[in-house]
Amino acid sequence: MSGKSTTAPGRNLASRLLRCVGPLGVALLLACGGPWGPFPGGALSGEEHPYPAHGFEFAADAETVAVEVGGESPRSVQTWVLVLDGQLFVPADFFNPGKRWPHQAIADPRARLRIEDRIHAGRLTRIQDPTTIDALRRATSVKYDVDEDSWAARIEVWWFRFDPPSDAAP
């Protein structure tokens, strides 16, 4: 045996966090109004604002947003954000193959976004148009300084547009 750990890197980090803060600390972190770093959270907290009638240009410089999905059992994550032509897009990369929130967004598109301390309700629409996806990938490369030829640029990504809320049930 080589002596190296065969534990997945994410699991190792989670177990170190658990040892540092204990079960109660982890519960408090996850209940603190949204995600904490790479750890998902529950319902987002912050001031509720209407869906912006004039677009999301105000969020164009934001590095990340918190996305809440899951309706009655909310789950929130932090992710990158892009604004193209006033529309807001969030990527769901599958670097972590166990990622659940994109599948939850497909099952129930109702979502809430926290941009800084502002919460906006809406719905997530998965984008599958190749032309739009190419434009989003190029914009990601520029905004986040990702080399278009790197392995990171080739990871599977589902793109979601954040649309106005709908009164229709999922």
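**A walk through the fold, ring by ring**

Let's start at Tyr51, a residue that is partly exposed, with a relative accessible area of 24%. Why does Tyr51 count as partly exposed? Because buried means under 20% and exposed means over 50%, the value of 24% puts Tyr51 in between. Please keep in mind as you read that this is a predicted model.

Before following Tyr51 further, take a step back and look at the whole protein chain. It has 170 residues, and buried residues make up 38% of them. Its secondary structure comes to three helices and eight strands. If you trace the protein chain along its sequence, the elements come in the order α-β-β-β-β-β-α-β-β-α-β. The protein chain exposes about 10,400 Å², and 55% of that is supplied by carbon and sulfur atoms. Now think about contacts between residues at least 6 apart in sequence: in the protein chain, 65% of these join residues at least 24 apart.

Aromatic rings give us a good place to see such links. How many aromatic pairs does a search of the whole structure find? It finds six. One of them is formed by Tyr51, our starting point, and Phe162; the pair is tilted, with 5.8 Å from centre to centre and 35 degrees between the planes. This pair links distant parts of the chain, since Tyr51 lies in the loop between strand S1 (47–49) and S2, while Phe162 lies in strand S8 (residues 157–163), 111 residues apart. Is Phe162 buried or exposed? With a relative accessible area of 1%, Phe162 is buried, whereas its partner Tyr51 is partly exposed.

Trp101 and Phe160 form another tilted aromatic pair, at 5.6 Å centre to centre and with 40 degrees between the planes. Here too, distant parts of the chain are linked: Trp101 is in helix H2 (residues 101–107) and Phe160 is in strand S8, 59 residues apart. Both Trp101 and Phe160 are buried. Back at Tyr51, ring pairs link Tyr51, Phe56, Phe58 and Phe162 into a cluster. One ring of this cluster, Phe58, also has a charged neighbour, as Arg118 lies over its face at 5.2 Å from the ring centre. Elsewhere, Arg126 lies over the face of Trp158, at 3.9 Å from the ring centre.

Charged side chains can also meet each other. A search of the whole structure finds six salt bridges. Among them is the one between Asp93 and Lys99, whose side chains meet at 3.5 Å, N to O. Asp93 has a relative accessible area of 32%, so it is partly exposed. Another salt bridge joins the side chains of Asp108 and Arg110, at 2.5 Å, N to O. What do their accessibilities tell us? Asp108, at 12%, counts as buried, whereas Arg110, at 35%, counts as partly exposed. In strand S8, which spans residues 157–163, the side chains of Asp163 and Arg161 meet in a salt bridge at 2.6 Å, N to O. Asp163 counts as buried at 9% relative accessibility, and Arg161 is partly exposed at 21%. Salt bridges can also share partners: in this way Glu48, Glu68 and Arg112 are joined into one network.

Now compare those residues with Arg75, which takes its place in strand S3 (residues 75–80). Arg75 is buried yet has no salt bridge. Why not? A salt bridge needs a side-chain nitrogen within 4 Å of a carboxyl oxygen, but the nearest side chain of opposite charge, Glu68, is 12 Å away from Arg75. Even so, Arg75 has plenty to touch: leaving out residues up to four places away in sequence, its contacts include Pro40, Val67, Glu68, Arg100 and Gln104.

Our last stop is Pro74, in the loop between strand S2 (64–69) and S3. Pro74 is partly exposed, with a relative accessible area of 29%. Beyond its neighbours within four places in sequence, Pro74 is in contact with Gly41, Gly42, Ala43, Glu68 and Val69. How far is Pro74 from Gln104 in space? The two are 9.8 Å apart, C-alpha to C-alpha, with their places 30 residues apart in sequence.

Key
Residues numbered from 1 in each chain as written. Predicted model: local features only at pLDDT ≥ 70, side-chain atom pairs only at ≥ 80, totals over all residues. Heavy atoms only, no water. Helix = DSSP H or I, 4+ residues; strand = E, 2+ residues; numbered from the N terminus. Buried < 20%, exposed > 50% of the residue type's maximum accessible area, 1.4 Å probe, protein only. Lys, Arg positive; Asp, Glu negative; His and termini not counted. Contact = heavy atoms within 4.5 Å. Areas by Shrake-Rupley, 256 points an atom, 1.4 Å probe, with all protein chains shown as cover. Phe/Tyr/Trp six-rings, centres within 6.5 Å; stacked < 30°, edge-to-face > 60°. Lys NZ or Arg CZ within 6 Å of the ring centre and 35° of its normal.
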